[in-house]
Amino acid sequence: ALTAGIVGLPNVGKSTLFNAITKAGAESANYPFCTIDPNVGIVEVPDERLVKLTELVSPKKTIPTAFEFTDIAGIVKGASKGEGLGNKFLSHIREVDAICQVVRCFDDENITHVSGKVDPIDDIEVINLELILADLESVDKRLARVAKLAKQKDKEAAAEHDVLVIVKEALESDKPARSIEFTEEQQKIVKQLHLLTAKPMLYVANVSEEEIADPSGNEHVQKVRDYASGEGSEVIVISAKVEEEIAELDDDEKAMFLEELGISQSGLDQLIKAAYSLLGLATYFTAGVQEVRAWTFRQGMKAPQCAGIIHTDFERGFIRAETVSYDDLVSNGSMNAAKEAGKVRLEGKEYVMKDGDVVHFRFNV
Ligand code: GDP
């Protein structure tokens, strides 16, 4: 399963956030394919469309789709030098598909900061530098191997060589690989290099409870935003402490609490949605009277592959996908009405599924 890793220096609020994630935790019985690991938190993906579909269909149960966060502790300066913990930290990052970097933007004299003062850009650079150094090492190794072949007019090697040189140049001026604009061909090569700095990054600015309603006055946050936009990354602002408190409340209490704080959506919900789209994920729905359910797929996946997410038999025996867009279904009021209006399509093997498709798969057993 795809997962986003949570990283950050000590005392920035990582564990607090991860606690919020596990407390908000999804009913794991619904998600047998998810990883069971103390460092993995499974969350349900909030989706207003699922609420609406439930109203429309009145099923026996409704099941949201789920998503995994992995807690990656243990970043230390010098991690890329490959000693003990540091090495482990980097290998954990290698396994995740996106990185959520928690950055301390709250001032609190009682909580020590590892480098003595709250300076988010400094903090970000400590972590990002370790990732850059680790990538530089792999790029250099690869370059040594490819350079010879490239000279012998091996076309593939030459293309890889070009990419490696571009990446090396960027890394040497402290720029992550994700900030480089590659052609589609080059992107394929980059993917195979499994670079740490090529992974999408989301900065999670952790502010105090007092500031969460209006973080615009927090200059740390502004600095993080400027830094992130420089490399084309996104920022979300949360208060990890608030999230930990909210995580245990039921829906009504949560809504009240958020209103009191003056925020419309919990930071955790924002984080889940941002990480989800960062990973290039999308949602389709199945809507029967037994069960209305949301399913996660990767953007670009075709109908049979998507059917295979529910069950491998669905993919193997795939015939057609009876499909209606969420909007068409809702505006027509029912599946039958949507059919009469000609909004339900029969899609075949080559159909690329879209976010919000409501589907009934037909298959041979
Ligand atoms: P980690 O080392 O990054 O996992 O940091 P922790 O989550 O353990 O947090 C370190 C300390 O900061 C703990 O005492 C938290 O209660 C506190 N903390 C975390 N988030 C906030 C926050 O938003 N505001 C304040 N004032 N303290 C926080």
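**Figure 1. Gly13 and its contacts in the predicted model.** Welcome to a close-up of Gly13 in this predicted model. Leaving aside residues up to four places away in sequence, Gly13 touches Val102, Arg104, Asn206 and Ala240. You can find Gly13 in the loop that runs between strand E1 (3-7) and H1. Is Gly13 buried or exposed? Gly13 counts as buried because 25 other C-beta atoms lie within 10 Å, and the cut-off for that class is 20 or more. For a sense of scale, try Thr323: it is 310 residues from Gly13 along the chain, and their C-alpha atoms are separated by 43 Å.

**Figure 2. The shell of residues around the ligand.** Here we turn to the ligand, which has 16 residues around it. Which of them come nearest? They are Gly13, Lys14, Ser15, Thr16 and Ala240. Two of these names, Gly13 and Ala240, will be familiar from the previous view, where Gly13 touches Ala240. Helices H1 (14-23) and H8 (240-246) each supply at least two residues of the shell. H1 gives the most, with three residues. Sorted by class, the shell around the ligand has eight polar, five nonpolar and three charged residues.

**Figure 3. Helix H5 packed against helix H6.** This view shows helix H5 (residues 155-172) with helix H6 (residues 184-193). Two packed helices are described by the angle between their axes and the distance between the axes. For H5 and H6, the angle is about 80 degrees and the axes are 10 Å apart. H5 is therefore roughly perpendicular to H6, as angles of 65 to 115 degrees fall in that class. On the H5 side, look for Ala159, Glu160 and Val163, which meet Gln186, Ile189 and Val190 in H6. By class, this contact has four nonpolar residues, one polar and one charged.

**Figure 4. Ile310 in helix H11.** Now let's visit Ile310, a residue of helix H11 (residues 303-310). How many C-beta neighbours does Ile310 have inside 10 Å? There are 16, so Ile310 counts as partly exposed. Thr70 lies 240 residues from Ile310 in sequence, and the distance between their C-alpha atoms is 24 Å.

**Figure 5. Domains of the chain.** To place the earlier views, here is the domain assignment of the chain. Domain 1 is made up of residues 3-47 + 62-114 + 199-278, domain 2 covers 127-197 and domain 3 covers 300-363. Taken over C-alpha atoms, the centres of domain 2 and domain 3 are separated by 40 Å.

Key
Residues numbered from 1 in each chain as written. Predicted model: local features only at pLDDT ≥ 70, side-chain atom pairs only at ≥ 80, totals over all residues. Helix = DSSP H or I, 4+ residues; strand = E, 2+ residues; numbered from the N terminus. Buried ≥ 20, exposed ≤ 12 C-beta atoms within 10 Å, placed from the backbone. Axes fitted to C-alpha atoms, helices over the stretch in contact; angles between N-to-C directions. Parallel < 35°, antiparallel > 145°, perpendicular 65-115°, else oblique. Contact = placed C-beta atoms within 7 Å. Nonpolar A, V, L, I, M, F, W, Y, C, P; charged D, E, K, R; others polar. Near = placed C-beta within 6 Å. Domains from an automatic or database assignment.
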